[in-house]
Amino acid sequence: SASAAPSEAYQPLGTEIPHQSTGRRLAFAKWLVDRNNPLTARVAINHIWLRHFGAPLVDNMFDFGLRSPPPRNEPLLDWLAVELMDHGWQMKHIHRLLVTSNAYCMSSSSVEATPVDLAADRDNQYLWRMNSRRLEAEAVRDSVFFTAGTLDLKRGGPDIAYALANETSRRSIYFQHADEKMNKLLQVFDNASVNECYRRNESVVPQQALAMANSDVCLNQSRLLAKKLSAGEGASESANGRFVRLAYEQILGREPTVVESDECEKFLYSQAKLLHDSTALTSLESGAKATVAPTTDPIQRARENLTLVLYNHNDFITVR
């Protein structure tokens with residue numbers, strides 16, 4: 001009753017679970033990793049391979065068994081499975097093995113491939129080149145902050161409200177993630193499904209380009225990065241070539257070609273001329289709501305624009 005004094009005594013509603021374990025869960029765990037049951041190691045290798053090479057060795061990842069299509073390279077799958085078991089199930093060993101392999105270091109270009117090779121293995125099942133693939137949604141957002149030097153690399157902590165994704169520099173892995181709790185930028189780039197963790201769908205839609213161009217995250221970080229890259233020599237037309245080279249190296253991880261460098265310098269010159277007369281500029285009310293104010297210097301403002309353009313470059317979100 002409501003007036004009864006609290007007590008630890010109670011009447012069980014059903015059969016009580018024994019206080020001592022039966023050992024069945026431990027036996028099941030040992031069976032999963034037993035060398036006579038290689039399925040577990042094969043499934044693990046298939047997932048690891050997918051995340052490094054963009055395509056799994058066995059396509060049917062959610063139903064890995066007799067009904068699955070045969071592996072593209074069964075000897076490779078089995079060798080890696082044994083390697084995983086031989087090294088005490090240390091996945092870090094497999095990660096290191098894959099990313100230092102010749103297969104991982106190959107170019108993804110098929111320009112030099114002969115028509116015979118393309119006809120024999122157009123889908124690259126036998127790994128004669130690397131698969132080009134897009135960054136995962138979380139990596140797209142995190143890369144914007146990282147290249148600008150503002151990504152918070154602190155590990156651990158509570159989850160963060162998804163609505164704060166455009167305000168905080170914390171890594172995307174810490175955001176709330178549910179059907180009704182998703183950041184729009186991450187959604188556009190195919191963030192992880194809340195119902196399964198097998199393989200992500202990769203879509204190519206116009207909204208992705210619009211999301212990067214109109215994102216307040218990209219706009220804020222482009223202004224911060226442009227300021228950092230201009231430090232030292234300042235904003236002058238004579239230093240535009242140096243700025244273009246640094247921007248390409250920081251954002252795209254490569255130097256610009258001669259053509260790209262020339263086009264970017266022409267853009268900086270013409271854009272600075274347009275921005276020189278501030279009275280002729282019209283504020284865009286429906287644009288990104290940036291919290292980092294633009295500079296008043298027309299040359300530096302043009303550099304901020306170029307940095308934003310490079311964030312929208314296909315090479316920024318693509319692994320080749």
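The following exchange explains how several terms are applied to this predicted model.

Reader: What rules apply to the numbering and to the values?
Author: Residues are numbered from 1 along each chain as its sequence is written. The model is predicted, so local features need pLDDT of at least 70 and side-chain atom pairs count only at pLDDT 80 or more, while totals for chains, interfaces and linings use all residues; side-chain values use heavy atoms, with hydrogens and water left out.

Reader: How do you know that the length of helix α2 agrees with its number of residues?
Author: Helices are DSSP runs of H or I with at least four residues, strands are runs of E with at least two, and both are numbered from the N terminus. The expected span of a helix is 1.5 Å times one less than its number of residues. For the 15 residues of α2, residues 39-53, that gives 21 Å, and the end C-alpha atoms are 21 Å apart, so the two agree.

Reader: Which residues of α2 are buried, and what do the buried residues pack against?
Author: A residue is buried under 20% relative accessible area, exposed over 50% and partly exposed in between, with a 1.4 Å probe and protein chains only. In α2 the buried residues are Ala41, Ala44, Ile45, Asn46, His47, Ile48, Trp49, Leu50, His52 and Phe53. They pack against α3 (74-86), α4 (91-99), α5 (102-105) and β1 (133-134). Just after α2, Gly54 takes a positive phi of about 80 degrees.

Reader: What makes α2 roughly perpendicular to α3?
Author: Axes are lines fitted to C-alpha atoms, for helices over the stretch in contact, and angles run from 0 to 180 degrees between N-to-C directions. The axes of α2 and α3 come within 9 Å and cross at roughly 105 degrees. Angles under 35 degrees count as roughly parallel, over 145 as roughly antiparallel, 65 to 115 as roughly perpendicular and the rest as oblique. The crossing angle therefore makes α2 roughly perpendicular to α3.

Reader: Which residues make this contact, and how do they divide by type?
Author: Contact means heavy atoms within 4.5 Å. From α2 come Ala41, Arg42, Ala44, Ile45, Asn46 and Trp49, and from α3 come Leu76, Leu77, Asp78, Leu80, Ala81, Leu84 and Met85. They divide into 10 nonpolar, 1 polar and 2 charged residues. Here Ala, Val, Leu, Ile, Met, Phe, Trp, Tyr, Cys and Pro count as nonpolar, Asp, Glu, Lys and Arg as charged, and the others, Gly among them, as polar.

Reader: Why is the pair of Tyr311 and Phe316 called edge-to-face?
Author: Rings of Phe, Tyr and Trp (its six-membered ring) pair if their centres lie within 6.5 Å; planes under 30 degrees apart count as stacked, over 60 as edge-to-face and the rest as tilted. By this rule the count comes to 5 aromatic pairs. The rings of Tyr311 and Phe316 lie 5.2 Å centre to centre with 70 degrees between the planes, and the pair is edge-to-face. Tyr311 is buried because its relative accessible area is 0%, and Phe316 is buried because its value is 6%. Ring pairs also link Trp49, Phe53 and Tyr104 into a cluster.

Reader: Why is Val99 called partly exposed?
Author: Its relative accessibility is 31%, so Val99 counts as partly exposed. Val99 is found in helix α4. Leaving aside neighbours within four places in sequence, Val99 is in contact with His52, Tyr104 and Cys105. The C-alpha atoms of Val99 and Trp49, 50 residues apart along the chain, are separated by 10.0 Å.

Reader: What makes the phi of Trp89 notable?
Author: Most residues other than glycine have a negative phi. Trp89 has a positive phi of about 60 degrees although it is not a glycine. Trp89 lies in the loop between α3 and α4, and its 26% relative accessible area is why it is partly exposed. Leu127 likewise has a positive phi of about 60 degrees and is not a glycine. Leu127 lies in the loop between α6 (115-120) and β1, and is buried because its relative accessible area is 19%.

Reader: How do you know whether Asn191 is buried or exposed?
Author: At 14% relative accessibility, Asn191 counts as buried. Asn191 is found in the loop between α8 (184-188) and α9 (206-213). Its contacts, leaving aside neighbours within four places in sequence, are Ala137, Glu138, His177, Met182, Leu186 and Arg200.
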